[in-house]
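Trainee: I would like to go through the labels used for this model and ask what supports each one.

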Amino acid sequence: MSDQQVPLIAAIEMGGTKIVCGIGTGPHDIRATHRIDTTTPEETLEATSRWLSRAKTEHGQFAAIGIGSFGPLDLNPKSEGYGLITTTPKPNWQQTDVVTFFKNRFRVPIGFDTDVNAAVLAEYLWGAGQGMDPLIYITVGTGVGGGVLVNGQLVHGAMHPEIGHLVVPPPTNSAAVQRECQCPYHKSCVEGYVCGPAIAKRWGVRADMLPMDHPAWEEIADVMGHALMNLCLTLSPKRIILGGGVMAQPQLIPLIRGRLIHHLNGYLLIPQVGRDIDSFVVSPGLGSRSGLLGSIALGRMAFDQTQNAHS
Ligand code: ADP
Ligand code: ZN
């Protein structure tokens, strides 16, 4: 089926700093996009709704809305709190009912999932994860998050994956760092060591200003190597995609591959953590577009589900 024959979807990528909205059918057919600063829930959702209404006037009625959001989220359709952003540390956003807001405004099916589940879905459909199932997408940016796809389905159940808070040993040769995990919840978790703000706090310099040969990158790779090892051992992924602002450092992925192999210490005798490591741990194929495109895919899935329910 060509992109032209598939339904028009409105997509909302909800981030802690900005919201990116779009309208289109897929990666080759995004008809418009728009950026909105994330302020209070009322102001932000209202501005998003206004843009969607305008997009509808200009580009036609959309068949569904897909939302990939920062979390944590309630994704259990049987729960009373389905569709809410729940315990987020982001001020004013706790218990924000995103799905009901857009459902009441637009009366179309709504697909709702984490921003990183949206990203893993887009990479699976159109990016660097095609044919790779199980597939993991991790973003290292303002925070650290991960989306997981298994058997063609995004993983969630009682909760959703929170890969950023996997507990890892402090980076090798760095006793001082042990006291410097920046996560308010955990003493030694991935996000607390390697998210952009944690790097800046530890080294006193913005992550993007650190030179390529700075020892920070070795430490970050060490932590990420442990996280990836734990993921290999629990989820048996066929590929792991690493995106987000911090991963824009080109030296980081090769360092992380090396630390993954080092930490596994010969335990897994598979080519993915041997001669094929370069195609096992990779950069996103869709660059920074995976969140928005994934939200289109979430909307499409919600639309298909209602079609199937009626047929
Ligand atoms: P967000 O996580 O807010 O969606 P990003 O993925 O762009 O946004 O992550 C922003 C973080 O990434 C910031 O902490 C910033 O310092 C860091 N960052 C952005 N670009 C780079 C870079 N080239 N190298 C290292 N860190 C970077
Ligand atoms: Zn944590």
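Trainee: Where is Pro-134 found?

Mentor: In this predicted model, Pro-134 is in the loop between helix H3 (115-126) and strand S8 (135-140).

Trainee: What kind of peptide bond joins Asp-133 and Pro-134?

Mentor: A cis bond, with omega about 5°. The bond from Gly-71 to Pro-72 is also cis, its omega being near 5°. Pro-72 lies in the loop between strand S4 (64-69) and strand S5 (84-85).

Trainee: What makes the phi of Gln-95 worth listing?

Mentor: Phi is near 60° there, a positive value in a residue other than glycine. Gln-95 sits in the loop between S5 and strand S6 (96-97).

Trainee: Back to H3. How is H3 oriented relative to helix H8 (residues 290-310), and why is that word used?

Mentor: The two helices pack at an angle of about 85°, with their axes 7 Å apart. Angles from 65 to 115 degrees count as roughly perpendicular, so H3 is roughly perpendicular to H8. On the H3 side the contact includes Ala-118, Ala-119, Ala-122 and Trp-126, and on the H8 side Gly-291, Gly-294, Ala-297 and Met-301 are among the residues involved. By class, the contact of H3 with H8 has ten nonpolar, four polar and one charged residues.

Trainee: Why is H6 called oblique to H7?

Mentor: Helix H6 (residues 215-235) and helix H7 (residues 252-264) pack at an angle of about 55°, and their axes are 7 Å apart. Roughly parallel needs an angle under 35 degrees, and roughly perpendicular starts at 65. The value fits neither class, therefore H6 is oblique to H7. H6 passes H7 in a right-handed crossing.

Trainee: Which residues of H6 and H7 meet?

Mentor: From H6, they include Trp-217, Ile-220, Met-224, Leu-228 and Cys-232; from H7, Leu-252, Ile-256, Arg-259 and His-263 are among them. The contact of H6 with H7 has 13 nonpolar, three polar and three charged residues by class.

Trainee: At what angle do H1 and H2 pack, and what is the handedness of their crossing?

Mentor: Helix H1 (residues 41-59) and helix H2 (residues 98-106) pack at about 35°, with their axes 11 Å apart. Their crossing is right-handed. Leu-45, Ser-49, Leu-52 and Lys-56 are among the H1 residues in contact, and those of H2 are Phe-101, Phe-102, Arg-105 and Phe-106. By class, the contact of H1 with H2 has five nonpolar, three polar and three charged residues.

Trainee: Now the ligand. What makes the pair between Thr-142 and ligand 1 a polar contact?

Mentor: A polar side-chain atom of Thr-142 lies 2.6 Å from an oxygen atom of ligand 1. The cut-off is within 3.5 Å for a pair of N or O atoms, so the Thr-142 pair counts as a polar contact.

Trainee: Which atoms of Gly-245 and Gln-249 lie at such distances from ligand 1?

Mentor: For Gly-245, a backbone N or O atom lies 2.8 Å from an oxygen atom of ligand 1. For Gln-249, an N or O atom in the side chain is 2.7 Å from a nitrogen atom of ligand 1. Both values fall within 3.5 Å, so both pairs count as polar contacts. Other residues surrounding ligand 1 include Thr-17, Pro-197, Asp-208 and Val-246.

Conventions
Residues are numbered from 1 along each chain as its sequence is written. Chains are lettered from A and ligands numbered from 1 in the order in which they are written. This is a predicted model: local features need pLDDT of at least 70, side-chain atom pairs count only at pLDDT 80 or more; totals for chains, interfaces and linings use all residues. Side-chain values use heavy atoms; hydrogens and water are left out. Axes are lines fitted to C-alpha atoms, for helices over the stretch in contact, and angles run from 0 to 180 degrees between N-to-C directions. Helices (H or I, at least four residues) and strands (E, at least two) are DSSP runs, numbered from the N terminus. Angles under 35 degrees count as roughly parallel, over 145 as roughly antiparallel, 65 to 115 as roughly perpendicular and the rest as oblique. A crossing is left-handed if the near helix is turned anticlockwise from the far one by less than a right angle, and right-handed if clockwise. Contact means heavy atoms within 4.5 Å. Ala, Val, Leu, Ile, Met, Phe, Trp, Tyr, Cys and Pro count as nonpolar, Asp, Glu, Lys and Arg as charged, and the others, Gly among them, as polar. A residue is near a molecule or strand if one of its heavy atoms lies within 4 Å of it. A polar contact is a pair of N or O atoms within 3.5 Å; within protein, one must be able to donate a hydrogen and the other to accept it, and residues adjacent in sequence count only if both atoms are side-chain atoms.
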